Amino acid sequence: MSHTTFEELNEKIIKWQKEIPVGSRWIHFKDEKSERPYRVMNLALEEASEEVVVVYRREDRPENFTRREAPLIWTRPVEGQKGWLSELEINGTKVKRFRKI
């Protein structure tokens, strides 16, 4: 089994930092009725696959959560069919799944 070096893993993250900057805001399109704002918290590596993922949270949720309501933090691969940079079709038009705002 080959071992990926720290430098190689770091390069995977750096490759995407200019296109998906930490702290940037994005609109997530799920369908024609759903456009929600999200903020990129970080880029990370999925442990098993070493795939780069975006760590993000929804922007329109309150910051002060109760004990029963924790902030939801999500991850999504950068690449792939449902990845951060993928496209989807809404009403016959291809749109980016996430659009930077």
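## Starting in the loop after the helix

E19 sits in the loop that runs between α1 and β1. This is a predicted model, so take each position below as part of a prediction. At 42% relative accessibility, E19 counts as partly exposed. Setting aside neighbours within four places in sequence, E19 is in contact with W26 and L85. The L85 partner is a long way off along the chain: E19 and L85 are 66 residues apart in sequence, yet their C-alpha atoms are 9.7 Å apart in space.

P21 is found in that loop too, between α1 (6-17) and β1 (25-31). Its relative accessible area is 23%, so P21 is classed as partly exposed. Once neighbours within four places in sequence are left out, P21 is in contact with V40 and K100. There is also a C-alpha separation of 8.5 Å between P21 and L43, which are 22 residues apart along the chain.

## The overall layout

Stepping back, the chain has one helix and seven strands. Read from the N terminus, the order is α-β-β-β-β-β-β-β, so the helix comes before the strands in that run.

The chain has 101 residues, and 30% of them count as buried. It exposes about 7,600 Å², with carbon and sulfur atoms supplying 49% of that area. As for how the chain comes back to itself, take the contacts between residues at least 6 apart in sequence: 37% of them join residues at least 24 apart.

## A buried histidine in β1

Moving on from the loop, H28 has its place in strand β1. Is H28 buried or exposed? With a relative accessibility of 4%, H28 counts as buried, because the cut-off for that label is under 20%.

Which residues does H28 touch, not counting those up to four places away in sequence? The list is S34, E35, R36, Y38, R76, R97 and F98. So the set of partners around this histidine includes three arginines, R36, R76 and R97.

## Salt bridges around E59

The salt-bridge count comes to three. R25 pairs with E59, and the closest N and O atoms are 3.1 Å apart. R25 lies in strand β1 and E59 in the loop between β3 and β4 (73-77), so this bridge ties together parts that are 34 residues apart in sequence. R25 itself is partly exposed, at 32% relative accessibility.

R39 also meets E59 in a salt bridge, at 3.0 Å from N to O. This pair links distant parts of the chain as well, with R39 in strand β2, E59 in the loop between β3 and β4, and their positions 20 residues apart in sequence. R39 counts as partly exposed at 26% relative accessibility. E59 forms a salt bridge with R57 too, where the closest N and O atoms are 3.7 Å apart. Put together, R25, R39, R57 and E59 are linked in a network of salt bridges.

## Glutamates at the surface

Which residues form the negative surface patch? It is made up of E46, E47, E51 and E79. One of these, E51, has its place in the loop between β2 (34-45) and β3 (52-58). E51 has a relative accessible area of 33%, so E51 is partly exposed.

E50 lies in the loop between β2 and β3 as well. At 25% relative accessibility, E50 counts as partly exposed.

## Two residues with positive phi

E50 has another feature to look at in the model: its phi is near 60°, a positive value in a residue other than glycine. N91 is a second case, with phi near 50°, again positive and again not in a glycine.

Where is N91? N91 lies in the loop between β5 (87-90) and β6 (93-96). At 64% relative accessibility, N91 counts as exposed, because that label applies over 50%.

Methods: Residues numbered from 1 in each chain as written. Predicted model: local features only at pLDDT ≥ 70, side-chain atom pairs only at ≥ 80, totals over all residues. Heavy atoms only, no water. Patch = residues over 30% accessible without salt bridge, like charges linked within 9 Å, V, L, I, M, F, W, Y side chains within 5 Å. Areas by Shrake-Rupley, 256 points an atom, 1.4 Å probe, with all protein chains shown as cover. Salt bridge = Lys/Arg side-chain N within 4 Å of Asp/Glu carboxyl O. Lys, Arg positive; Asp, Glu negative; His and termini not counted. Charge placed at Lys NZ, Arg CZ, Asp CG, Glu CD. Helix = DSSP H or I, 4+ residues; strand = E, 2+ residues; numbered from the N terminus. Buried < 20%, exposed > 50% of the residue type's maximum accessible area, 1.4 Å probe, protein only. Contact = heavy atoms within 4.5 Å.
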